[in-house]
Amino acid sequence: MLPQIRFTLIETSHPGNIGGVARAMKCMNLSSLVLVSPGQFPHPDALTRSAGAENILEQARVCRDVKEAVGDCIFVAGTTARERAIEWPVESPRAAAKMIAAEAANGPVALLFGRERSGLTNEEVDLCNLLIRIPTGPGYSSLNLASAAQILAYELFLAANEEAKRIDPESVAADHHSLDGFYRHLESTLLDLDFVKSKHPTRLMRKLVRLFNRARPTSEEVNILRGILTAAQNAGRRAN
Ligand code: SAH
């Protein structure tokens with residue numbers, strides 16, 4: 001999912017900022033950098049500020065205009081420090097990162113960063129499905145370009161991890177049906193092993209149910225637990 005997310009820097013004037021963005025990206029496992037008409041690139045300042053993320057600079061794609069950069073993207077998000085005159089959907093980095101991580105499972109997504117002095121033009125905003133503003137104190141809202149990129153990169157990294165967990169069947173909590181089967185199996189094992197005497201150990205079972213419901217085991221974990229129960233029942237039978 002993260003390789004599908006393109007950090008797209010528009011007409012960046014300071015090459016050091018390009019390096020700073022590359023470094024921010026590398027720490028957060030992002031690698032796709034696109035530079036739209038950069039002021040000076042390649043440049044030694046970009047290399048210095050990238051501090052170990054040279055590979056991201058080497059692989060960076062340079063385009064002449066934004067439309068070319070986002071042509072194949074299924075979703076475009078623009079970052080902006082400014083309130084815009086026209087109402088546009090604006091999200092926080094956290095909320096936007098969730099949306100972008102979900103979109104990136106289906107195709108390339110561009111994240112636009114504007115010029116140091118003037119940000120994004122209205123035409124560039126018009127390409128966006130969504131705008132993202134990093135909340136700031138009231139007096140000054142303009143972060144350094146690489147600092148803004150770092151915040152977005154971090155939120156995307158967390159959101160992509162969450163998204164990967166969500167779609168990983170091994171991490172999905174077991175459903176009620178399989179938990180119910182496990183609880184009945186547990187109860188019969190406790191009876192078989194004479195751990196409980198009463199035929200309906202309701203109080204104990206409720207406590208155990210509470211314990212397992214708190215842990216929210218996955219299907220795989222329930223299978224392991226049931227395997228242990230079966231082994232205990234077999235050992236109990238052999239001992240009798
Ligand atoms: N004066 C410019 C600020 C440019 S700062 C403006 O009016 O927009 C350079 C870039 O850093 C911005 O275009 C944006 O991509 C990013 N950036 C800086 N501060 C930001 C913030 N508070 N929220 C989102 N992006 C921000």
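**Exercise 1.** Is alanine 51 buried, partly exposed or exposed, judged by its relative accessibility?

*Solution.* The model is predicted, and every value below is computed from it.
Step 1. Locate the residue: alanine 51 is in the loop between H2 and helix H3, the latter spanning residues 54–59.
Step 2. Apply the limits: buried means under 20% relative accessible area, exposed means over 50%, and partly exposed lies in between.
Step 3. Conclude: the relative accessibility of alanine 51 is 46%, so this residue counts as partly exposed.
Step 4. Add the backbone: phi of alanine 51 is near 40 degrees, which is a positive value in a residue other than glycine.

**Exercise 2.** Describe the setting of serine 50 in helix H2.

*Solution.*
Step 1. Helix H2 covers residues 44–50, and serine 50 belongs to it.
Step 2. The relative accessible area of serine 50 is 0%, and therefore the residue is buried.
Step 3. Apart from residues up to four places away in sequence, serine 50 touches Gly19, Ala22, Arg23 and Leu57.
Step 4. Its side chain reaches the backbone oxygen of leucine 47 at 2.8 Å.

**Exercise 3.** Determine how histidine 185 is related to arginine 226 in sequence and in space.

*Solution.*
Step 1. Histidine 185 is part of helix H8, which runs over residues 176–192.
Step 2. Histidine 185 and arginine 226 are 41 residues apart along the chain, while their C-alpha atoms are separated by 7.2 Å.
Step 3. Their side chains are joined by a polar contact of 3.0 Å.
Step 4. With neighbours within four places in sequence set aside, the contacts of histidine 185 are Arg226, Leu229, Thr230 and Gln233.
Step 5. Histidine 185 counts as buried because its relative accessibility is 11%, and the limit for that class is under 20%.

**Exercise 4.** Characterise the surroundings of serine 92.

*Solution.*
Step 1. Serine 92 lies in the loop between strand S5 (90–91) and helix H5 (93–104).
Step 2. A polar atom of its side chain lies 3.2 Å from the backbone nitrogen of alanine 95.
Step 3. Beyond its neighbours within four places in sequence, serine 92 is in contact with Ile132 and Arg133.
Step 4. At 30% relative accessibility, serine 92 counts as partly exposed.

**Exercise 5.** Establish where the ligand sits and which residues surround it.

*Solution.*
Step 1. The ligand sits in the largest pocket.
Step 2. It is surrounded by 19 residues, of which the closest are Thr79, Arg82, Ile134, Ser141 and Leu143.
Step 3. Consider the backbone atoms. A backbone N or O atom of serine 141 is 2.8 Å from a nitrogen atom of the ligand. For leucine 143, a polar backbone atom is 2.9 Å from a ligand nitrogen atom. For arginine 117, the corresponding distance between a polar backbone atom and a nitrogen atom of the ligand is 3.2 Å.
Step 4. On its own the ligand has 540 Å² of accessible area, and the protein covers 93% of it.

**Exercise 6.** Examine the backbone at proline 42 and at arginine 216.

*Solution.*
Step 1. Phenylalanine 41 and proline 42 are joined by a cis peptide bond, with omega about -5 degrees.
Step 2. Proline 42 is located in the loop between strand S2 (32–36) and H2.
Step 3. Arginine 216, although not a glycine, has a positive phi of about 50 degrees.
Step 4. This arginine 216 lies in the loop between helix H9 (202–215) and helix H10 (219–239).
Step 5. The relative accessibility of arginine 216 is 59%, so the residue counts as exposed.

Notes:
Residues numbered from 1 in each chain as written. Predicted model: local features only at pLDDT ≥ 70, side-chain atom pairs only at ≥ 80, totals over all residues. Heavy atoms only, no water. Helix = DSSP H or I, 4+ residues; strand = E, 2+ residues; numbered from the N terminus. Buried < 20%, exposed > 50% of the residue type's maximum accessible area, 1.4 Å probe, protein only. Polar contact = N/O pair within 3.5 Å; in protein donor to acceptor, adjacent residues only side chain to side chain. Contact = heavy atoms within 4.5 Å. Near = heavy atom within 4 Å. Areas by Shrake-Rupley, 256 points an atom, 1.4 Å probe, with all protein chains shown as cover. 1 Å grid on protein atoms, 1.4 Å probe; cavity = no way out; pocket = protein on both sides within 12 Å on 5 of 7 lines; lining within 4 Å. Sits in = over half its atoms within 2 Å of the grid points.
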